[in-house]
Amino acid sequence: MMMAQEQPTLSRRRALSLLTLSAAAVALPSPLRASAFPGIFTPDAALQELIAGNRRFVEGRPVGPNRSMARIRDVAAAQSPFAAVLSCADSRVPVEIVFDQGFGDLFVCRAAGNIVTPEIIGSMEFGTRVLGAKLLVVLGHTGCGAVKAAIAGDAVPGQISTLFRHIQPAVERTPTREMEAVARENVRVQAGLLRDASPVIAGLVRERKLQVVGGVYDLSTGRVTMLPA
Ligand SMILES: [Zn+2]
C-alpha cells in the first residue's frame with residue numbers, strides 16, 4: 001500500500017523535474033550569451049580571458065562588456081559566471097573593473113586580506129560546483145593593509161585581529177617579513193587552502209573542470225600578475 005502510494009508521487013516528481021528541466025533549457029540564457037565572450041568553457045579559456053581583460057584595462061582600452069540593461073535582463077533569471085574571484089576588500093581593487101568584465105561574468109567574494117574562512121569556502125563551492133565557474137582566482141594586492149597589520153601584530157580595535165591568524169602562516173613562511181613577499185605568499189596559502197580544504201573544489205580540479213590560481217594586483221599600475229602555483 002505504501003509502495004502504491006509512493007509510486008505515483010515519484011512519477012509526479014520525475015515528471016515535474018523533467019518539466020522544470022525543459023523549462024530551464026528554454027528560459028536560461030545560452031552559454032554563449034552568459035559569457036562575456038564566446039567560448040569560455042574551460043579553465044584555460046577563463047584564465048586567458050581574465051588576463052586579456054586586465055590587459056585591456058591597463059592599456060586604457062577596456063570594452064566594458066556586459067554592462068547593458070539587456071545583459072542585466074538576460075542574467076536576471078540565471079547566472080553562469082565563468083570565473084570566481086576571492087579578493088581583498090580594498091576599495092582600490094574593484095574586481096570587475098580590473099578584469100574588464102560585467103554583469104554575470106564573475107562570482108566574487110571579498111574579505112580583508114583575501115582570507116579563506118569556512119564561509120568563503122562555502123561560497124566558492126557554490127560559485128564553482130553549482131554555478132559552474134571554470135576558474136578560481138585568489139587575488140591579493142600590493143600595499144595591503146591587512147597584510148601589513150598582520151606582520152606588525154599591533155593591538156587593533158574590535159575584531160580586526162581575527163583576520164591576522166589567517167595571514168599568520170604566510171608571515172611565518174616569509175623569513176624577510178617583507179610586506180609584498182608576505183602578500184604573495186598569502187595568496188599562495190589561501191589558494192592552497194581552497195584547493196585542499198574543500199573536497200568539492202579538489203574534486204572539480206581533479207576532473208579538470210576547475211583551475212585554482214593566484215594573482216597579485218598592483219595598486220599603482222593596475223596590472224595583475226598571475227603567480228606560479
Ligand atoms: Zn588588502
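**Group meeting: a walk through the fold**

Okay, so the chain has 10 helices and five strands. Before I go on, keep in mind that this is a predicted model. There are 229 residues in the chain, and buried ones make up 37% of them. If you take the contacts with a separation of 6 or more, 70% of them come from residues 24 or more positions apart.

Let's start with the core. As a general point, nonpolar side chains in soluble globular proteins tend to be buried together. Here, the largest nonpolar core has 52 residues, and the ones touching the most other members are Ala 83, Val 85, Leu 136, Val 137, Leu 139 and Leu 194. Which helix gives the most to this core? That's helix 9, with seven residues.

I'll pick two of those core residues and look at who they touch, and for both I'm leaving out anything up to four places away in sequence. Ala 83 touches Ala 46, Leu 50 and Leu 106, and then a run of Ala 133, Lys 134, Leu 135 and Val 137. Now Val 137, which sits in strand 3, residues 135–141. Why does Val 137 count as buried? Because it has 27 C-beta neighbours inside 10 Å, and the cut-off is 20 or more. Its contacts are Leu 50, Ala 83, Val 85, Val 213 and Gly 215. Take Leu 50 from that list: it is 87 residues from Val 137 along the chain, yet the two C-alpha atoms are separated by 9.7 Å.

Back to helix 9, then. This helix covers residues 179–197, so to speak our main character, with 19 residues. From first C-alpha to last it reaches 26 Å, close to the 27 Å expected at 1.5 Å a residue. Its buried residues include Val 182, Ala 183, Val 187, Val 189, Ala 191, Leu 193 and Leu 194. But have a look at the others on that buried list too: Arg 184, Glu 185, Asn 186 and Gln 190.

Now for some helix packing. Helix 9 and helix 10, residues 199–206, have axes that come within 5 Å and cross at roughly 90°. The two are therefore roughly perpendicular to each other. Helix 9 brings Leu 194, Arg 195 and Asp 196 to the contact, and helix 10 brings Ile 201, Ala 202 and Val 205. By class, that's four nonpolar, no polar and two charged residues.

The other pair I'd show you is helix 7, residues 145–152, with helix 8, residues 164–172. Their axes come within 9 Å and cross at roughly 75°, which makes helix 7 roughly perpendicular to helix 8. On the helix 7 side we have Ala 146, Val 147, Ala 149, Ala 150 and Ile 151, and they meet Phe 164, Ile 167, Gln 168 and Val 171 of helix 8. This contact has eight nonpolar residues, one polar and no charged ones.

Last bit: backbone oddities. Most residues other than glycine have a negative phi. Asp 100 is not a glycine, but has a positive phi of about 50°. You'll find Asp 100 in the loop between helix 5 and strand 2. Arg 208 is another non-glycine with a positive phi, about 60°, and it's in the loop between helix 10 and strand 4.

Buried or exposed, for Asp 100? Asp 100 counts as buried, because it has 22 C-beta neighbours inside 10 Å. Arg 208 has 11 such neighbours, so it counts as exposed.

Conventions: Residues numbered from 1 in each chain as written. Predicted model: local features only at pLDDT ≥ 70, side-chain atom pairs only at ≥ 80, totals over all residues. Helix = DSSP H or I, 4+ residues; strand = E, 2+ residues; numbered from the N terminus. Expected span 1.5 Å × (residues − 1). Buried ≥ 20, exposed ≤ 12 C-beta atoms within 10 Å, placed from the backbone. Core = buried A, V, L, I, M, F, W, Y, C linked by C-beta atoms within 7 Å. Contact = placed C-beta atoms within 7 Å. Axes fitted to C-alpha atoms, helices over the stretch in contact; angles between N-to-C directions. Parallel < 35°, antiparallel > 145°, perpendicular 65-115°, else oblique. Nonpolar A, V, L, I, M, F, W, Y, C, P; charged D, E, K, R; others polar.
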